[in-house]
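Visitor: Could you take me through the salt bridges of this protein, one by one? I am in my first year, so please show me how each piece fits into the chain.

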Amino acid sequence: VPKRCTLDSHKTQAGCQADIYCVWSKQLTCEPAPCVNYPDEKCCDHDTSCHWDISQAPAVCKQKYCPSTYPTTQHVDPCNADGKCMWNSTTKECVDKVCNKMTECACKEDPDCFWNGVKCADKKYGECPVMDIILLLDGSGSMSRNFGRHP
């Protein structure tokens, strides 16, 4: 059985890139993607270059987009021009855009963020009331191990 993310398992760049666990390298080979070997959210989030992606099922650990796409200070302008990213002048790195770290003015200028009168929030959630519905289910009797977050 061929190993995952090798030229035996993925003979073409397209095949390699279609597999979320693999990346096509500059050496024209298929290799394991950074971060994907972390088994759970806790291990993934411990690595500052990774994030736990719950946009798919099952969730998987992936390399953060902004720092890997714009890795140096030569990328300040492209970083800020990318709607998913923002330049952190304190740490001198491109980071994923986080609305709740923005000032009121920056928040109001950003179409992806929403100023609620007190703080900045992601527009997808910023206009929602603080609490909608809470539903608690006791699954302790049927669940014997901890599970990570799922979409």
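**A close look at the salt bridges**

Guide: Happy to! Let's begin with the whole chain, keeping in mind that this is a predicted model. The protein chain contains six helices and eight strands. Reading along the sequence, you will meet them in the pattern α-β-β-α-β-β-α-α-β-β-α-β-β-α. Of the 151 residues in the protein chain, 23% are buried. The chain's accessible surface is about 11300 Å², and carbon and sulfur atoms hold 55% of that surface. As for contacts with a separation of 6 or more, 17% of them join residues that sit 24 or more positions apart.

Now to your request. Searching the whole structure turns up four salt bridges.

Let's start with Asp53 and Lys62. These two residues form a salt bridge in which the closest N and O atoms are 3.2 Å apart. How exposed is each partner? Asp53 has a relative accessibility of 10%, so it counts as buried, since buried means under 20%. Lys62 comes out at 25% and is therefore partly exposed.

Next, move along to Lys97 and Asp110. Their side chains meet in a salt bridge, with 2.9 Å from N to O. Lys97 belongs to the loop between β6 (93-96) and α5, while Asp110 belongs to the loop between α5 (104-109) and β7 (113-115), so this pair ties together parts that are 13 residues apart in sequence. Asp110 is also buried, because its relative accessible area is 14%, and the limit for buried is under 20%. This pair has further company: Lys97, Asp110 and Asp112 are linked in a network of salt bridges.

Finally, look at helix α5 itself. Here Glu104 forms a salt bridge with Lys108, and their closest N and O atoms are 2.7 Å apart. Both residues lie in helix α5, four residues apart, which is about one turn of the helix. Which of the two partners is exposed, and which partly exposed? Lys108 has a relative accessibility of 55%, so it counts as exposed, given that exposed means over 50%. Glu104 has a relative accessible area of 35% and is therefore partly exposed.

To put the pieces side by side: Glu104 and Lys108 both sit within α5, whereas Lys97 and Asp110 lie in the loops on either side of that helix. As you turn the model, try following the chain from Lys97 through α5 to Asp110, and you will pass along the stretch that this salt bridge ties together.

Conventions. Residues are numbered from 1 along each chain as its sequence is written. This is a predicted model: local features need pLDDT of at least 70, side-chain atom pairs count only at pLDDT 80 or more; totals for chains, interfaces and linings use all residues. Side-chain values use heavy atoms; hydrogens and water are left out. Helices (H or I, at least four residues) and strands (E, at least two) are DSSP runs, numbered from the N terminus. Buried means under 20% relative accessible area, exposed over 50%, partly exposed in between (1.4 Å probe, protein chains only). Contact means heavy atoms within 4.5 Å. Accessible areas come from the Shrake-Rupley method with a 1.4 Å probe; for residues, only the protein chains shown count as cover.
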